[in-house]
Structures are given as C-alpha cells and as structure tokens.
Amino acid sequence: MATKSLKERHNALAETNKQLAILNGGIFESGELPYFKDKIAATGHTPLRPKKLEILQINIGYMCNQVCEHCHVDAGPDRQEIMTRETMRLCLSVIQNTGAHTLDLTGGAPEMNPDFRWFVEEAAKAGIQDFIVRSNLTILRANKKYYDLPEFFKKHNVHIISSMPHYTRGKTDKQRGEGVFDKSIKALQELNAVGYGMPGSSLRLDLVYNPSGAFLPGDQAAMERDFKKALKDDFDIQFHNLFAITNLPIARFLDYLIASENYEDYMYALVEAYNPIAVENVMCTNTLSVSWDGWLYDCDFNQMLGLKVANKITHIKAYDEAMLQDRNIVISQHCYGCTAGAGSSCQGVVT
Amino acid sequence: MNVILSVNALFKNLKIETMTNTYYDPADLRKFGSITEWSEELGKKFFDYYGNVFEEGALTAREKSLIALAVAHVVKCPYCIDAYTKDGLEKGITKEEMMEAVHVGAAIVSGATLVHGVQMMNKYNKLSM
C-alpha cells in the first residue's frame, strides 16, 4: 500500500488535466458510452442548475494521517495545502450570513489543521442547524493531542460523520492501511462513551461506507442493518445512520481502476446504473464546496479536478450567495458516480 | 535471431487466438439484456421474473446472493460467477462467506455423486453370490 500521495510520487494523475483527459477520452470519445451531458440531456436534465443552497462544505486542508487507496482528495501526510486563519475568517463571515442549514467541514483530516479548534469554536457561534465534521476516526487516536476531541466535539454539538469501509478488519485495513480498523473501533467506542451515536442521543454519529474495490455500493438500508448488527455484537458500538457512497473515478481511485484494469468495466457499471431520479437530487444542486485556499466549486469532486464554479464569483472573498445560485453546474464523466443506482452524495443515497 | 523472432510471432498469434477464439467473452455479460431483442415478450418476462426473485423477501437479498453464487459454481457458469462475486462484494459479503457458499455447492455435487454409490452397492450385491 502506498504511503505517499500521487502528488508526492509525481504520478501523472496528480495533474487534474490528465485525469480530465482520461474521463473525456477513451470509451466516451469513441462513442462506446455516452458523455454525461448527453445522458442527462436525454432525460431532460440539462443544463444542471442549483436549487436552494442547503449545505456549505468547506475543505480545510488536504493533509491527512492516512493514505487511503480510494481517496478522491489524494490526501496524505505529505500534502501541505492547509487553510489559513485568514481564509477561515472569510469563511466565517459567509457562515454567519448563509441561508444554508448545514456546515460540513472536511479534508484531509480536518483536525490536522492547526487552527481547526479555533475555527470550530467560532463557527459553532453562528448557530448553524447541522454542523458536521468529517473525521476519519484514526486521527482521534493518532496522537495524545487529539485524545480529547470527542469531548471537544460534544461541547460544540458537532455532528460526526466517519469513514468505515467495512465491519471486518481485513477489508478495512486493505483500503485504509494496516491497523486502521483497530484504531477506528477504539475511536468509535470513545465517541459512544461520551454519548455519540447512542439511541435517542442528539450527539449525531453517522458512518460512511464506500466500497473497497471496483464495485458499487449495495443497498444502503441493508448495509446499515449489517453494520449495526456486526459492530454491536462484536464491539458493542452504536451509531445512527450509515451513508453508502459510491467511489468516483478520480484521483487515487482512478489510478487504482486503471492499474487494476477495471476502469472500463467500472465506467460501464456507472453508466448502466444511471438513474434519472438521482439526477434531480445530486448534491451539487444544494451544496457549495470551498477549497483550502478559498475557491468555490460545485462539489468536493469538482474541487479535486480543479473545476471551479461557472460564475462571475469564484472565490470566497467575493462571496454572493444570490449571484452564485445563478450558474450552470460544471459536469464531466465522473458525475456518473453520483447518479448511479440510488444515487450518491456526501449524505449517502439521494433517492 | 530468426528463431527468437518466430517464437515471438508465435506467441503474438497465440495471444490473438485466445482473445478472439473463445466461447466465453467476459464482455458478453453486459450484453445479456440484448436477448430481449430477438424475443421481446419472453425476454421481458424472464428479466421481470429474475428481478423479482432477487428482491428482499422471506430471504434477504444477501442470502439470495450467496445461494446464487453457490449455484453459479455448480452449473459452472462463468458469467454468473463474475456477476455474483461482484454482487456479493456490493452487498458487503466477505470472501470467507463466499468460499463457504462455494463449498456448500461443491458438497451437494459431491454428495449427489457419492449417493449413487448406494446404487452401485445394491447392484454389486444383487449380482454377487
């Protein structure tokens, strides 16, 4: 398993234009599979436009303690892109005035940003209805300085969404690295201990499942049932909801698909599972994504592909929610990942 | 030199042979739906039935997937093995569970063979003094 990001390895796929060339070429260029824009046009969904803004997702840095094989961020310990306090201040003024009901902090491991706690404390004052931090769990056990994070999250009523690819050690460690499973279990037990994820608790703890390979996620409700039973029986762990998220063919997952000769089959599977009902609710229609350096994107995936919003406003310093709503969403073939089957978003299925 | 060249050419030809001259092409699996084109009514009935069979019922979709995997091995259907290995992964089924299912299929096949041993014993006894 790799211990460095594609960027650090100088892998060609660290270049976004190389990734886009693959997504626009090959089986799509030859006409074997339809371009996403043509597919959504056939079901009357073009141009794709935003609906009401509900979620403001802020990526506060690509640094992470893990190097997961499927990571669409290409995150890792070697990534130096970290949001500064100055950019955080710009974000805070947006958070205080936004009409969005959900604030979603992500990374990398957001906890590794040196100003993370300050930002959470300040952002929590804005009184946003749902304040999410996406935690990879192992960070809570990575170093003593993080051990009190469950209490810190509780104090600020933060909603935790954590990755957990499987309820068995083998599958988890294969995707996320040796020892990740045991650390994640310990972190979940600690979150439970302070009240997170318990039945009836207002301290929300949700898990994210994404497939550990070149296949699509199964039925979210059935997976949730299996996860709940196994984690309760084996480790006495409880959580609220499981979100099944499809891996999008970008960054390290794209690299894996190509290296394992699964790329074409995977794209076929995504296109075959195209669901026009999912298109109605794709997350780019209710979300805005902000990068560590303040640029604005339709979603975190577009951020990683360097596809900024198609709008006069492209940076948080000039943020204007009304103006930003008047835009066409930027799409490419990776978008098939969000419209396959029951659909996929950072909040799980969309249908 | 010439020998090496001709060996390389031979391997090249062999590779082409194996790629083009085969009864089973993995890419045919995704064309399965096209059987409906030559008999729409029956094809549609089959796929509707097939879809209903695999829905959650008294058995979970997960249990059905494992049964399908075992049967796929028993009937030695390469398309079905590909399809239900992938389906199992999608449903979070572990490799240990999958292999146990294959052994269930194999045990039934072995049993079906061996139980005929009783017929052999009967016949042997009948013909022997």
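Two residues are in contact if their C-beta atoms, placed from the backbone, lie within 7 Å. Helices (H or I, at least four residues) and strands (E, at least two) are DSSP runs, numbered from the N terminus. Residues are numbered from 1 along each chain as its sequence is written, and chains are lettered from A and ligands numbered from 1 in the order in which they are written. The model is predicted: local features need pLDDT of at least 70 and side-chain atom pairs count only at pLDDT 80 or more, while totals for chains, interfaces and linings use all residues.

**View 1. Helix H11 of chain A is largely enclosed by the rest of the structure.** Helix H11(A) spans residues 251-259, and 7 of its 9 residues are buried (20 or more other C-beta atoms within 10 Å of a residue's own; exposed means 12 or fewer, partly exposed in between, with C-beta atoms placed from the backbone). The buried residues are A:Ala251, A:Arg252, A:Phe253, A:Leu254, A:Asp255, A:Tyr256 and A:Leu257. They pack against three helices of chain A, namely H1 (16-24), H12 (263-272) and H14 (300-304). After H11(A) comes A:Glu261, with a positive phi near 55 degrees.

**View 2. Chain A holds an open sheet of 8 strands with mixed pairing.** The strand order is E6-E5-E4-E3-E2-E1-E7-E8. Strand E6 (242-244) and strand E8 (296-297) form the edges, each pairing on one side only. Two strands count as paired if DSSP finds at least two bridges between them. In general, strands of a sheet pair through backbone hydrogen bonds, either parallel or antiparallel.

**View 3. Strand E3 of chain A is largely enclosed by the rest of the structure and pairs with strand E2.** Of the 6 residues of E3(A), residues 130-135, 5 are buried. Strand E2(A), residues 102-106, runs parallel to E3(A) in a pairing over 4 bridges. In this pairing A:Thr102 stands opposite A:Asp130 of E3(A).

**View 4. Strands E4 and E5 of chain A pair in the parallel sense.** The pairing of E4(A) with E5(A), residues 205-209, extends over 4 bridges. A:Ser163 has A:Val208 in E5(A) as its bridge partner.

**View 5. Loops of chain A contain cis peptide bonds and a positive phi.** A:Thr46 and A:Pro47 are joined by a cis peptide bond with omega about -10 degrees. A:Pro47 belongs to the loop that connects helix H3 (36-42) of chain A with strand E1 (55-59). The bond from A:Gly107 to A:Gly108 is also cis, its omega being near 20 degrees; A:Gly108 is in the loop between E2 and helix H5 (116-124) of chain A. In the loop between helix H7 (149-155) and strand E4 (159-163) of chain A lies A:Asn157, a residue other than glycine with a positive phi near 50 degrees. A:Asn157 counts as exposed because it has 12 C-beta neighbours inside 10 Å.

**View 6. Helices H3 and H4 of chain B are roughly antiparallel to each other.** Chain B has 6 helices and 0 strands, in the sequence pattern α-α-α-α-α-α. The axes of H3(B), residues 61-74, and H4(B), residues 78-90, come within 9 Å and cross at roughly 155 degrees. Axes are lines fitted to C-alpha atoms, for helices over the stretch in contact, with angles from 0 to 180 degrees between N-to-C directions; under 35 degrees counts as roughly parallel, over 145 as roughly antiparallel, 65 to 115 as roughly perpendicular and the rest as oblique. On the H3(B) side, B:Ser65, B:Leu66, B:Ala68, B:Leu69, B:Ala72 and B:His73 meet B:Cys80, B:Ile81, B:Tyr84, B:Thr85, B:Asp87 and B:Gly88 of H4(B). This contact has 7 nonpolar, 4 polar and 1 charged residues (Ala, Val, Leu, Ile, Met, Phe, Trp, Tyr, Cys and Pro count as nonpolar, Asp, Glu, Lys and Arg as charged, and the others, Gly among them, as polar). The loop between H3 and H4 of chain B holds B:Lys76, which is not a glycine yet has a positive phi of about 50 degrees. B:Lys76 counts as exposed, with 9 C-beta neighbours inside 10 Å.

**View 7. Chain A and chain B are in contact.** Chain A contributes 13 residues and chain B 10 residues. On the chain A side, helix H10(A), residues 220-235, gives the most, with 3 residues. That side divides into 7 nonpolar, 4 polar and 2 charged residues. Of the 129 residues of chain B, 12% count as buried.
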